[in-house]
Amino acid sequence: MEILKVEHVTKIYGSGENTVKALNDVSFTVPRGEFTAIVGESGSGKSTLLNCIGALDHPTGGKVYINNTDIFAMSEKKRTIFRRRNIGFVFQSFQLVPELNVEQNIIFPLLLDYQRPDQDAVDEILEVLGLTERRRHLPSQLSGGQQQRVAIGRALITKPMLILADEPTGNLDSRSSRDVVELLTAASRKYRQTILMITHNINLTSAADRVLHVSDGVLKDLGGTSDEKLS
Ligand SMILES: Nc1ncnc2c1ncn2[C@@H]1O[C@H](COP(=O)(O)OP(=O)(O)OP(=O)(O)O)[C@@H](O)[C@H]1O
Ligand SMILES: [Mg+2]
């Protein structure tokens, strides 16, 4: 079953001479539980694509279906709630709330949605992420890798069907990068979550089921991750 269907999505920024065609007729589908990597040079349109899929940005044309729901056909208010319940985001810059401790940052999306956190689920996530001993620490008291693990916990706590990660390892060393990708892979297996991850690190694409390449707003499916396909 496909969890994501992107149909003829285009995104044009600006007007007149300043027009940028960031996405040019992008179409693809992703089955449930697949871990897809998105690669491509700087400025090629990767973040624009992820932001359109996550409804953080509005495509100029085309459609995005998540679990068979046309996300741009619903009202802004419904879309915000749909996004909160079904999509988890992980960004390069972590974007944690500085005043909240590790545990509070992780449960934050539930509080936004007026849901009571399940303490067992929170404990499990802290354990899986290796953050149990740091649960009362503030983000400023953590290393970069630990902060990114908190951000992953925050993306996992709502058990979203889709996780969108924009260079989640961009600020991490190679060891922490591998850890982060392993955690994401484990989540996709354990909770059958579907993951789209943008990365500049070609070494990390070997963990992915499929690699999509974006070049000048055009998407190409590189299929599986054998070396000859990437060279
Ligand atoms: N808000 C905006 N207004 C105008 N142009 C934009 C805007 N956001 C992005 N662009 C342009 O759209 C194109 C695609 O940008 P995008 O951020 O998607 O690239 P990217 O592949 O994520 O690059 P990077 O690897 O550097 O993050 C670029 O040419 C960029 O300058
Ligand atoms: Mg980007």
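An oxygen atom of ligand 1 is placed 2.8 Å from an N or O atom in the side chain of S47. This is a predicted model, in which local features need pLDDT of at least 70 and side-chain atom pairs count only at pLDDT 80 or more, while totals for chains, interfaces and linings use all residues. Residues are numbered from 1 along each chain as its sequence is written, chains are lettered from A and ligands numbered from 1 in the order in which they are written, and side-chain values use heavy atoms, with hydrogens and water left out.

**The ligand site**

The table lists polar contacts of ligand 1; a polar contact is a pair of N or O atoms within 3.5 Å, and within protein one must be able to donate a hydrogen and the other to accept it, with residues adjacent in sequence counting only if both atoms are side-chain atoms.

| Ligand atom | Protein partner | Distance |
|---|---|---|
| oxygen atom of ligand 1 | S47, N or O atom in the side chain | 2.8 Å |
| oxygen atom of ligand 1 | S44, polar backbone atom | 3.2 Å |
| oxygen atom of ligand 1 | H200, N or O atom in the side chain | 3.4 Å |

Taken alone, ligand 1 exposes 640 Å², and the protein buries 59% of that (accessible areas come from the Shrake-Rupley method with a 1.4 Å probe; for residues, only the protein chains shown count as cover). Ligand 1 is surrounded by 13 residues, the closest being S42, G43, K46, S47 and T48; a residue is near a molecule or strand if one of its heavy atoms lies within 4 Å of it. By type, the shell around ligand 1 has three nonpolar, seven polar and three charged residues (Ala, Val, Leu, Ile, Met, Phe, Trp, Tyr, Cys and Pro count as nonpolar, Asp, Glu, Lys and Arg as charged, and the others, Gly among them, as polar). Strand β2 (20-31) and helix α1 (46-53) each supply at least two residues of this shell, and α1 gives the most, with three. Helices (H or I, at least four residues) and strands (E, at least two) are DSSP runs, numbered from the N terminus.

**The four-stranded sheet**

Strand β2 also belongs to an open antiparallel sheet of four strands in the order β2-β1-β4-β5, where two strands pair if DSSP finds at least two bridges between them. Its edge strands, β2 and β5 (69-70), each pair on one side only. Helix α1 packs on this sheet, touching β1, β2 and β4 (61-66), and its direction makes about 60° with that of β2. Contact here means heavy atoms within 4.5 Å; axes are lines fitted to C-alpha atoms, for helices over the stretch in contact, and angles run from 0 to 180 degrees between N-to-C directions.

Eight bridges pair β1 (residues 2-13) with β2 in the antiparallel sense. K11 stands opposite L23 in β2, and K5 stands opposite T29 in β2. In β4, K5 has Y65 as its bridge partner; β1 and β4 run antiparallel and are joined by five bridges. The hairpin of β1 and β2 has six residues between the strands, and G14 there takes a positive phi near 75°.

**The six-stranded sheet**

An open sheet of six strands has mixed pairing and the order β6-β7-β8-β3-β9-β10. Its edge strands are β6 (87-91) and β10 (218-221), each pairing on one side only, and the twist averages 20° from one strand to the next. Strand β9 (residues 210-215) runs antiparallel to β10, with four bridges between them; H213 stands opposite K220 in β10.

Helix α2 (residues 76-86) lies across β6 and β7 (162-166) and runs at about 75° to β6. Helix α5 (residues 144-156) also lies across β6 and β7, at about 170° to β6.
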